[in-house]
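Student: I would like to learn how to read the interior and the hollows of a protein model, taking one feature at a time. Could we work through an example together?

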Amino acid sequence: MTAPRHPAGPDRLELSEAERTRILAKAAQFAPPPATLPDGRRDLVGLSRTELAAELAAIGEAPFRAKQLWHWIYHQGVTDFARMSSVARPLQEKLAERFVIGRPEVATVQASADETRKFLFRFRDGQTAETVYIPDPHEDRGAVCISSQVGCTLSCRFCHTGTQALVRNLGPAEIVGQFMAARDAYGEWPSPKGETPRLLSTIVLMGMGEPLYNYENVATAMKIVMDGEGIGLSRRRITLSTSGVVPMMDRAGAELAVNLAISLHAVRDELRDELVPLNRKYPIAELIAAARRYPGASNARRITFEYVMLRGLNDSPEDARELVSLIAGIPAKVNLIPFNPWPGSAYQTSTASAIDRFAAIVNEAGFAAPVRSPRGRDILAACGQLRTEDRRQIVR
Ligand code: SAH
Ligand code: SF4
């Protein structure tokens, strides 16, 4: 008998702690550039409330100013201190000398025939990442799909981003900035009082990169977005998608408790090892156990299992049956994503009848199994099609 690859029990817990430290150390290695401009002014976007208060205290301003600025920056969406009408002119000028309210630059915007819009944002050091706005076909609102990293350390075989090595992590200002700049483009400031804003009302962390390998920056950004005196999105309107970084799933659950989506894609370790190489570190049993531990899972707040449909590989009725037995008892839904091809990709999308058969089995077992209709495929904006130019020479 061979020893289990991943021992259970106390050893495993100690290993998780070490692993967590390693992940955080690695994130530091790919840190975003400092949030200070060449002229010495500091970008206020991306600071936590405490950090904002500290910046203001350092120039002799009282704590209430932080609350006031927070409202202007995140509720009103202003980028110019001169528009802050509740702030006296001398203070506006003092602030403008020391600070900016930044946005990533819109390098290009592409519109799909289905109204999906893809933004290529350029950050201060020249790095770029993509953000996609996906309007809901039935309602007057939509989701903003946000990137967390430039490139990705993981190389899932079916994913275009996975062919681009990790360049660096995005910082809180760059993560929240994608959402704010998208709102600028739709003229969505300020948010109507007490109501859900009309269009850009949902965030899915499903763009480029693995959000749980850039946890600290993602968490800071999501706390900013959820703050009720600013953008004020509820945690129910945010979904974080992970390929399965088990130790960080627990932390995200405890600290953020946003909706969780897990990129499962295969029900046997042998296949998942190949499709999602991270599975060799955190195999299916550990991933499912972490899903069961995730807080707040209830019928209203189900965990989403994402399952890319690859012809002849993972789409048999037997796969579907194994899937339902794996997730039995978890309040969950299964998002079936027809594989979106990209230049050079080696897979094919499952046939419509294979997808229907698969969905029917999952449905019969009591799990919703919507088939995600591809959005923005014509502009390479659909799931797994994002990739930007390599600009690694700039940071190395
Ligand atoms: N890194 C995170 C989030 C980004 S990917 C993760 O892997 O979960 C968002 C989703 O798109 C994931 O479920 C991913 O597996 C899926 N995906 C990647 N490439 C795809 C492709 N070519 N077709 C369909 N879905 C894809
Ligand atoms: Fe990275 Fe997610 Fe793509 Fe895998 S699917 S390579 S984790 S972005």
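Tutor: Let us begin with the nonpolar core, which is traced by joining buried nonpolar residues through their side-chain atoms. In this model, which is predicted, the largest nonpolar core has 116 residues, and those with the most contacts inside it are Phe158 and Phe305.

Student: Which helix supplies the largest share of this core?

Tutor: The largest share comes from helix H6 (residues 215–226), which contributes eight residues. The core also draws at least three residues from each of domain 1 (46–100) and domain 2 (105–379).

Student: Which residues does phenylalanine 158 touch, if residues up to four places away in sequence are not counted?

Tutor: With those residues set aside, phenylalanine 158 touches His265, Leu275, Val276, Val308, Leu310, Phe339, Trp342 and Tyr347. Phe158 appears again in the lining of the largest cavity, where Phe158, Cys159, Met206, Ser263 and Gly384 lie nearest the centre.

Student: How many cavities of 30 Å³ or more does the structure hold, then?

Tutor: The structure holds two of them. The largest cavity has a volume of about 480 Å³ and is lined by 30 residues, with E10, strand E12 (303–309) and E13 as the elements that give two or more residues to this lining. By class, the lining has 15 nonpolar, twelve polar and three charged residues. The second largest cavity holds about 40 Å³ of space, and of the ten residues that line it, Asn259, Leu260, Tyr294, Arg301 and Arg302 lie nearest its centre. The lining of this second largest cavity divides into six nonpolar, two polar and two charged residues.

Student: Met206 was named beside the largest cavity; is methionine 206 to be read as buried or exposed?

Tutor: The class follows from relative accessibility, with buried meaning under 20% and exposed over 50%. Methionine 206 stands at 21%, and therefore counts as partly exposed. The residue is placed in the loop between E9 and H6, and, leaving aside residues up to four places away in sequence, methionine 206 touches Cys145, Ile146, Thr239, Ser241, Ala261, Glu306 and Arg372. Methionine 206 and serine 148 are 58 residues apart in sequence, yet their C-alpha atoms are 8.3 Å apart in space.

Student: Having looked at the cavities, how should I read a pocket, and what is the volume of the largest pocket?

Tutor: A pocket, unlike a cavity, is an open set of points, and the largest pocket here has a volume of about 1,200 Å³. Of the 42 residues that line this pocket, Ala143, Val204, Lys333, Asn335 and Arg372 are the closest to its centre. At least two lining residues come from each of strand E5 (128–135), strand E6 (142–145), strand E9 (200–205), strand E10 (238–242), strand E11 (259–263) and strand E13 (332–338), and the largest share, four residues, belongs to E13. The lining residues divide into 20 nonpolar, twelve polar and ten charged.

Student: Why does the second largest pocket lie between domain 1 and domain 2?

Tutor: The reading rests on the lining: domain 1 (46–100) and domain 2 (105–379) both give residues to it, so the second largest pocket lies between them. This pocket has a volume of about 410 Å³, and of its 22 lining residues, the closest to the centre are Ala35, Asp43, Arg124, Ala173 and Glu174. Strand E1 (42–43) and helix H5 (172–185) are the elements that give two or more residues to the lining, and H5 gives the most, with three. Ten of the lining residues are nonpolar, four are polar and eight are charged.

Student: How many residues does each domain bring to the contact between domain 1 and domain 2?

Tutor: The C-alpha centres of domain 1 and domain 2 lie 33 Å apart, and the contact takes twelve residues from domain 1 and 14 residues from domain 2.

Student: Finally, which residues of helix H7 are buried?

Tutor: An α-helix has 3.6 residues a turn, so residues three or four places apart point the same way. In helix H7 (residues 246–255), the buried residues are Val246, Pro247, Met248, Met249, Ala252 and Gly253. Just after H7, alanine 257 takes a positive phi of about 50°.

Terms used:
Residues are numbered from 1 along each chain as its sequence is written. Chains are lettered from A and ligands numbered from 1 in the order in which they are written. This is a predicted model: local features need pLDDT of at least 70, side-chain atom pairs count only at pLDDT 80 or more; totals for chains, interfaces and linings use all residues. Side-chain values use heavy atoms; hydrogens and water are left out. Buried means under 20% relative accessible area, exposed over 50%, partly exposed in between (1.4 Å probe, protein chains only). A nonpolar core is a set of buried Ala, Val, Leu, Ile, Met, Phe, Trp, Tyr and Cys residues joined through side-chain atoms within 4.5 Å. Domain bounds come from an automatic or database domain assignment. Contact means heavy atoms within 4.5 Å. On a 1 Å grid over the protein atoms alone, a cavity is a set of points where a 1.4 Å probe fits but cannot get out, and a pocket is an open set with protein on both sides within 12 Å along at least five of seven lines; lining residues have an atom within 4 Å of a point. Grid points are joined across faces, edges and corners, and a volume is the space filled by probe spheres set on the points. Ala, Val, Leu, Ile, Met, Phe, Trp, Tyr, Cys and Pro count as nonpolar, Asp, Glu, Lys and Arg as charged, and the others, Gly among them, as polar.
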